[in-house]
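Please look over the sequence and the three-dimensional structure shown here, and then follow the paragraphs below with the picture at hand.

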2 protein chains.
Amino acid sequence: MQSDSDMAPAETASVVAPEGFRSLRGRSATHVAERLRDMILGGDLPAGRRISERMLTEGLGVTRTPLREAFKILETEGLLHIVPNRGAQVAELSPADVDMAMELLVGLESVAAEPACARATAAQFAAVEALHGQMVACQRDGDLMGYFRINQDIHQNIVDCAHNPALSRVYRAESARVRLYRFAGNRVRQRWSCAVMEHEQILQALKQRQGPLLRELLRAHHLNGWRVTRLVLGNEIRPDR
Amino acid sequence: MQSDSDMAPAETASVVAPEGFRSLRGRSATHVAERLRDMILGGDLPAGRRISERMLTEGLGVTRTPLREAFKILETEGLLHIVPNRGAQVAELSPADVDMAMELLVGLESVAAEPACARATAAQFAAVEALHGQMVACQRDGDLMGYFRINQDIHQNIVDCAHNPALSRVYRAESARVRLYRFAGNRVRQRWSCAVMEHEQILQALKQRQGPLLRELLRAHHLNGWRVTRLVLGNEIRPDR
DNA sequence: CGGAGTCAGATTGCATGCAAATGCATCCCC
DNA sequence: GGGGATGCATTTGCATGCAATCTGACTCCG
């Protein structure tokens with residue numbers, strides 16, 4: 001009869017989902033991977049730290065199966081290192097590894113420069129300019145974290161202007177891998193104003209669709225930044241705070 | 001007594017491992033991912049083909065847990081596409097996707113060119129030359145599969161000359177992703193001799209450590225090859241067999 | 001005949017159980 | 001006292017079980 005089959009299909013009798021809750025079924029591992037990635041990129045899990053499954057299953061409220069799937073994802077992304085029978089640890093990059101990753105990142109931006117100039121839309125110009133404005137505000141307010149985050153965002157946006165999904169994906173992944181190692185360099189306040197000026201030139205070149213110029217500006221900008229970062233990492237100069 | 005404790009420690013009573021067998025404990029997922037990757041890159045699993053877990057657990061002799069971990073690895077590599085509650089299917093690339101991936105691959109080789117010239121060792125020169133010799137032999141014998149495989153191998157080796165692990169890793173992954181789509185282009189025999197000549201110039205430039213020249217030669221070589229491939233994929237010319 | 005409903009079998013997502021491996025404290029023997 | 005052996009608790013790797021979801025064939029009504 002009607003009353004039998006008419007039960008509200010949205011929720012079962014056993015557990016009532018809190019409102020706004022969307023089931024994560026089929027997305028647990030992805031979701032856990034995102035959480036873990038945030039923890040690593042945010043510095044909550046420092047490089048080299050060993051990660052026990054139990055710690056995370058309790059912390060994130062999932063069971064071991066999706067957690068272990070997330071480990072595989074992050075290992076493939078290069079953020080975790082898994083030793084059989086001994087669990088996972090946050091990947092640790094040697095200075096040489098970071099150097100090589102930076103070489104790759106500079107290269108990827110060079111690759112992006114000309115397609116970006118050829119294909120960027122007006123909306124993308126506007127988005128990059130808006131971010132630039134926010135970054136200047138962070139510089140003015142001395143907001144280190146915001147400055148750094150938006151800086152990365154601007155570079156990702158410029159790469160995205162090339163409308164090449166594969167390029168964007170690879171740039172994002174490699175950028176994440178070295179994120180924490182680059183953070184140090186942005187702590188030299190002297191570099192900030194210089195970087196802002198370089199960004200302004202970069203924006204100009206992008207908006208005027210001058211591909212080769214953009215490529216050279218990006219390369220120079222990166223090499224400048226990386227030089228400072230390397231000095232900080234090598235303790236040759238002291239960060240401002 | 002002696003006879004009690006003297007049992008051969010290499011094998012337990014329950015299951016006798018076949019000789020040469022090393023336990024895969026802790027490596028199942030990785031191993032399965034390798035097998036699956038080979039199946040996809042070898043064309044045994046065509047693009048778009050849906051993959052059921054049962055098919056593979058039976059085919060590969062593993063249970064679902066490591067198989068599902070392997071799925072996550074291959075999804076992160078871009079070789080599989082997983083739809084929640086509906087399983088995995090081999091990733092399918094649109095012509096635009098392949099175009100963009102090729103743009104990235106050409107870019108990565110350009111990035112590799114100068115460091116490769118700067119850092120390649122004599123052993124690496126020799127390795128690339130040996131591969132080139134093998135490729136010429138394949139061309140002579142009309143061995144399509146061998147020619148194609150060694151061709152890819154040569155390009156990977158050139159990138160590896162840059163001694164940049166991150167670059168090598170990314171190049172390998174992206175190269176794999178479009179492997180099957182590029183295969184078609186190598187079926188035009190007319191292109192083979194042309195490609196061999198281009199490779200010879202490329203080798204020259206590498207050995208003489210002429211970075212900028214190498215970069216231009218690689219770019220031109222790729223664009224030539226990709227132009228032919230695109231024609232074949234678009235059915236504008238017919239492959240030789 | 002067409003389309004919504006529905007129902008069983010198959011498939012997937014995740015929790016859990018068990019065995020192998022590890023780590024650590026203790027014990028032993030020299 | 002020191003350098004292993006040994007046993008126990010913990011952790012990891014994988015197999016399996018159960019519930020949610022999908023699929024597709026069939027039914028039934030218009």
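Around DNA strand C there are 21 residues, and those that come nearest are A:Ser28, A:Thr63, A:Thr65, B:Arg64 and B:Arg68. This is a predicted model, and every distance discussed here is computed from it. If we take the atoms of DNA strand C that lie within 4 Å of the protein, 70% of them belong to sugar or phosphate, while the rest belong to bases.

Some individual contacts show how the protein backbone meets DNA strand C. A polar backbone atom of A:Gly26 is 2.9 Å from a sugar or linking oxygen of the strand. From chain B, a backbone N or O atom of B:Glu53 lies 3.3 Å from a phosphate oxygen of DNA strand C, and a backbone N or O atom of B:Asn85 lies 3.2 Å from a phosphate oxygen of that strand. Turning from single residues to elements, we find that two or more residues of the surface near DNA strand C are given by each of helix 4 (64-77) of chain A, helix 3 (53-60) of chain B and helix 4 of chain B. The largest share, three residues, comes from helix 4 of chain A.

Which residues are the closest to the other strand, DNA strand D? Among the 20 residues that surround DNA strand D, the closest are A:Arg64, A:Arg68, B:Ser28, B:Thr63 and B:Thr65. Of the atoms of DNA strand D that come within 4 Å of the protein, sugar and phosphate account for 69%.

Side chains provide several of the contacts to describe here. A polar side-chain atom of A:Arg54 lies 3.1 Å from a phosphate oxygen of DNA strand D, and an N or O atom in the side chain of B:Ser28 is 2.7 Å from a phosphate oxygen of this strand. A:Arg64, by contrast, reaches a base, with a polar side-chain atom 2.8 Å from a base nitrogen of DNA strand D. The elements that give two or more residues to the surface near DNA strand D are helix 3 (53-60) and helix 4 of chain A, together with helix 4 of chain B, and helix 4 of chain B supplies the largest share, three residues.

We can now ask how the two protein chains are arranged. Two copies of a chain are related by a rotation about an axis and a shift along it. Here, a rotation of 180 degrees with 0.0 Å of shift along its axis superposes chain A on chain B, with an RMSD of 0.1 Å. That is the relation of a two-fold axis. In addition, 100% of the interface residues of chain A are also interface residues in chain B, so the copies meet through the same surface.

B:Lys72, found in helix 4 (residues 64-77) of chain B, gives a local view of residues from both chains. Leaving aside residues up to four places away in sequence, B:Lys72 touches A:Ala29, A:Thr30, A:Glu69, A:Ile73 and B:Ile82. B:Lys72 is buried and yet has no salt bridge, because the nearest side chain of opposite charge, A:Glu69, is 4.3 Å away, whereas a salt bridge is counted within 4 Å.

Elsewhere such pairs do form, and the count comes to 30 salt bridges over all chains. In one of them, B:Arg119 pairs with A:Glu103, the closest N and O atoms being 2.5 Å apart. This pair crosses between chains, from helix 5 (residues 95-119) of chain B to helix 5 (residues 95-119) of chain A. B:Arg119 is partly exposed, with a relative accessible area of 30%, and A:Glu103 also counts as partly exposed, at 21%.

Another salt bridge joins A:Asp160 with A:Arg172, whose closest N and O atoms are 4.0 Å apart. A:Asp160 lies in helix 7 (residues 144-160) of chain A and A:Arg172 in helix 8 (residues 165-183) of chain A, so the pair ties together parts that are twelve residues apart in sequence. In chain B, B:Arg172 forms a salt bridge with B:Asp160, with the closest N and O atoms 3.9 Å apart. B:Arg172 is in helix 8 (residues 165-183) of chain B and B:Asp160 in helix 7 (residues 144-160) of chain B, so this pair, too, ties together parts twelve residues apart in sequence. Finally, salt bridges that share partners join A:Glu53, A:Arg64, A:Arg68 and B:Glu69 into one network.

Definitions and conventions
Residues numbered from 1 in each chain as written. Chains lettered and ligands numbered in written order. Predicted model: local features only at pLDDT ≥ 70, side-chain atom pairs only at ≥ 80, totals over all residues. Heavy atoms only, no water. Helix = DSSP H or I, 4+ residues; strand = E, 2+ residues; numbered from the N terminus. Buried < 20%, exposed > 50% of the residue type's maximum accessible area, 1.4 Å probe, protein only. Lys, Arg positive; Asp, Glu negative; His and termini not counted. Contact = heavy atoms within 4.5 Å. Least-squares fit on C-alpha atoms with pLDDT ≥ 70 in both. Near = heavy atom within 4 Å. Polar contact = N/O pair within 3.5 Å; in protein donor to acceptor, adjacent residues only side chain to side chain.
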